[in-house]
Amino acid sequence: MKIIVPIARTEDYNARIVVNKDGDDIERGGVAMVINPFDEIAVEEALRILDGGDGEIIVVSIGGDEAAPELRRALAMGAHRAVQINTEAKLMPEVITPLLGALVEREQPDLVVMGKQSIDGDSGQVAQRLAQRLNWPQATFAYEVKIEGKTVTVGCEMDGGTETVAFDLPGVISTDLRLNEPRLPKLPDIMKAKKKPYDVISDDELGGVAESPIKVLSMAPPPERQAGQIVADVDALIAKLRDEAKVLA
Amino acid sequence: MIAFGLTEDQLEYQRMARQFIAQNVTPNAGHWDETGHFPKDEIRSAWENGLLNLCIPDSVGGAGMPLVDTLIISEEISYGCVGYSTSCMANELALTPVVIGADEDQKRKFLKPFVDEFKLAAFCLSEPGAGSDAASLRTTAKREGDEWVINGQKQWITNATHADFYTVFATVDREAGHRGITLFAVPRNTPGITIAPHENKMGQRCSDTAPISFDNVRVPADHCIGGPGNGWKIAMRTLDFSRPLVAMSAVGVARRALEESIKYAKERKTFGKPIGQHQAIGFMLSDMAAKTQAARLLALEAAWRTDQGLPANKEASFAKAMCADWCMEICTDAVQIFGGYGYTKEYPVEKLMRDAKLIQIYEGTSQIQRVVISRELMR
Ligand SMILES: Cc1cc2nc3c(=O)[nH]c(=O)nc-3n(C[C@H](O)[C@H](O)[C@H](O)COP(=O)(O)OP(=O)(O)OC[C@H]3O[C@@H](n4cnc5c(N)ncnc54)[C@H](O)[C@@H]3O)c2cc1C
């Protein structure tokens, strides 16, 4: 079994995020960076699928050298090989998808396991776009994955419920939060990760990419939450709900 | 050239250790402190994750980690609970003399088991009558045929109860002073070893400290490490490793006290504003932060010197003295910032203050560090 796991480098979800001066992106740099949490779950799931058996897990990141620590971390967790795809293009789903598609054609994996979204842009599109592009089946928002022979059965989260789907390999799975709890790499594995194969290729080697036609015009933080109020009694509460919050008629 | 940044590898070790400690140690530290429970399972877990015995060279399958990297990890471990960290560090302390003094056969014999299995070790130098003046130790070793026979009392031995392996300093010739001191590797199951009940301590209560007595304890000749009369040299060289390490554990405690204090100073309001905005508290926090960073740099420099093979005796004492003393000041200030709440077990800072005190005492008291430094200065 050969599995590709694309990983994005994102701001730590505990970090304080602020919008940049131009108001078109978040302020990059200065905060701790992590493997996008959903992608870390994807790496873990790939490891569990392989379960120490024959095969290869290839972790891929698009961008440049800055993602090397995250790729190495995935190698320390147990992935076998890393591919860093260098590109100058802004990392939007329209840019990421064709590059991943070209890599999949080159590597011919049995499965792509990836996070359902990256927590910086929150687009949540790449898994679906990739499956469409490859004309592969997809199972999104996975909370459970079972593989028997060539058949993959995936429990998927849905609004207000779950759905179970099955497909034959190859295919694309996108991972949700409940799927697993990623392992902490052991110290000796961190040391060994440096010796694992790590390829750097350019976007040109994968057919090149055009900038995304989508431009972010502005970005704003969510409105500040107002401090709560303590009211004297139920009547005062009802009055406020009716007159101020206007949630009661 | 001078560089203060951590390498990518060091950042990964730090991140991994931080996460491990946040999951396995920090949430339990208060309970261990209350009950005096020895967290053997969690120490085993540190071993499973490769965080123990970092001094063992790669020639026998160990991590062979540079001391600077070990310090970076130690800060994280100590941040969670320095009592736990002391138990982990006791392994480094006990095994380092073997790394320094043993030949290859002895390294394979005594260190390899720590790579293959989870085991604890203890460093047995101090005695009831010989602490600061360790060279005046009374424990004797006598050669009888193919064996050494050890007799004497050791005091304050960290991990004593749980260790499988002791490194024991004894004299082969009391008349010779420190030139008679000799290092022995002593397995726990050797007949004649008695461990007294462990001490009921002020702080670092989850660490195990107990007296050990050696009554006609016989070990084979090849258990003498580095040759008769070379023990003191090995012990002194060990300090170049252990003092920076203990110094960095103080940095971990100090950082914890600082972070807890900043958090509290933002939450707690008096006279209409968060207490951190009262200048007296704000300046206290500033000093705590500056001392923590200064302490970290002193410890790292001492470790770096040891890694480079440079003389590190004085710098190790700089680090041990200042890191321990600043840590004590920082923890005392942390309790002050928390006011009445700081004096209760509801918040973690009173534990930090009790834990910190020990760092000024073991591995050479703060006074002894100054004795070492002044002696170097007056040479
Ligand atoms: C919890 C704990 C764990 C320990 N773990 C270990 C261990 O694993 N292995 C081990 O071998 N030892 C261990 N020790 C022993 C520790 O290193 C000694 O306690 C320490 O060296 C001090 O020795 P002492 O207690 O005999 O004090 P003393 O030497 O009696 O000192 C008493 C006081 O006199 C001061 N003093 C002494 N000499 C001078 C001087 N020349 N100038 C100025 N002041 C001086 C000291 O600073 C101290 O304040 C541990 C101790 C404790 C408390």
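**Figure 1. Hairpin of β2 and β3 in chain B of the predicted model.** B:Ala141 stands opposite B:Ile150, a residue of β3(B). This pair belongs to the antiparallel pairing of strand β2 (residues 140–144) with strand β3 (residues 147–158) of chain B, which extends over five bridges. Two residues separate β2(B) and β3(B) in the hairpin, and in the turn B:Gly145 adopts a positive phi of about 60 degrees. Strand β3 of chain B also contains B:Trp156. Although B:Trp156 is not a glycine, its phi is positive, at about 65 degrees.

**Figure 2. A non-glycine residue with positive phi in a loop of chain B.** The loop shown runs between α10 (349–359) and α11 (366–377) of chain B and contains B:Glu363. The phi of B:Glu363 is positive, at about 55 degrees, although the residue is not a glycine.

**Figure 3. The open, mixed sheet of chain A.** Nine strands of chain A are arranged in the order β9-β8-β7-β10-β6-β1-β4-β5-β11, with mixed pairing. The edges are occupied by β9 (161–168) and β11 (198–202) of chain A; each has a single partner strand, so one side of each remains without a neighbour in the sheet. From one strand to the next, the twist averages 30 degrees. Within this sheet, strand β7 (residues 138–148) and strand β10 (residues 171–175) of chain A run parallel and are joined by three bridges. A:Ala142 has A:Thr175 of β10(A) opposite it.

**Figure 4. The β8–β9 hairpin of chain A and the loop that follows β9.** Strand β8 (residues 151–158) of chain A runs antiparallel to β9(A), and eight bridges join the two. A:Thr153 has A:Ala166 in β9(A) as its bridge partner. The hairpin has two residues between its strands, and A:Gly160 takes a positive phi near 70 degrees. In the loop between β9 and β10 of chain A lies A:Pro170. The peptide bond that joins A:Leu169 and A:Pro170 is cis, with omega about 0 degrees.

**Figure 5. Helices α1 and α3 of chain A against the strands.** Helix α1 (residues 37–50) of chain A lies across β1 (2–6), β4 (56–63), β6 (111–115), β7 and β10 of chain A. The angle of α1 to β6(A) is about 145 degrees. Helix α3 (residues 93–107) of chain A lies across β1, β4, β5 (81–86), β6 and β11 of chain A. With respect to β4(A), α3 runs at about 150 degrees.

**Figure 6. The contact between chain A and chain B.** Chain A contributes 14 residues to the contact and chain B contributes 17 residues. Between them the chains bury about 1300 Å², of which 60% is on carbon and sulfur atoms. A:Leu184, A:Leu187 and A:Met191 account for 46% of the area that chain A buries against chain B, more than any other three residues. Five residue pairs, with both members at pLDDT 80 or more, are in polar contact between chain A and chain B. On the side of chain A that touches chain B, β3 (33–35), α2 (68–77) and α5 (187–193) of chain A each supply at least two residues. By class, this side of chain A comprises 10 nonpolar, no polar and four charged residues.

**Figure 7. Salt bridges between chain A and chain B.** A search of the whole structure gives 46 salt bridges over all chains, and the count between chain A and chain B is three. In a salt bridge between A:Arg73 and B:Glu12, the N to O distance is 2.7 Å. A:Arg73 belongs to helix α2 of chain A and B:Glu12 to helix α1 (residues 8–24) of chain B, so this pair joins two chains. A:Lys194 and B:Asp9 also form a salt bridge, with their closest N and O atoms 2.7 Å apart.

How values were computed:
Residues are numbered from 1 along each chain as its sequence is written. Chains are lettered from A and ligands numbered from 1 in the order in which they are written. This is a predicted model: local features need pLDDT of at least 70, side-chain atom pairs count only at pLDDT 80 or more; totals for chains, interfaces and linings use all residues. Side-chain values use heavy atoms; hydrogens and water are left out. Contact means heavy atoms within 4.5 Å. Buried area is the accessible area (1.4 Å probe) that two parts lose on being put together, summed over both. A salt bridge is a side-chain nitrogen of Lys or Arg within 4 Å of a carboxyl oxygen of Asp or Glu. A polar contact is a pair of N or O atoms within 3.5 Å; within protein, one must be able to donate a hydrogen and the other to accept it, and residues adjacent in sequence count only if both atoms are side-chain atoms. Helices (H or I, at least four residues) and strands (E, at least two) are DSSP runs, numbered from the N terminus. Ala, Val, Leu, Ile, Met, Phe, Trp, Tyr, Cys and Pro count as nonpolar, Asp, Glu, Lys and Arg as charged, and the others, Gly among them, as polar. Two strands pair if DSSP finds at least two bridges between them. Axes are lines fitted to C-alpha atoms, for helices over the stretch in contact, and angles run from 0 to 180 degrees between N-to-C directions.
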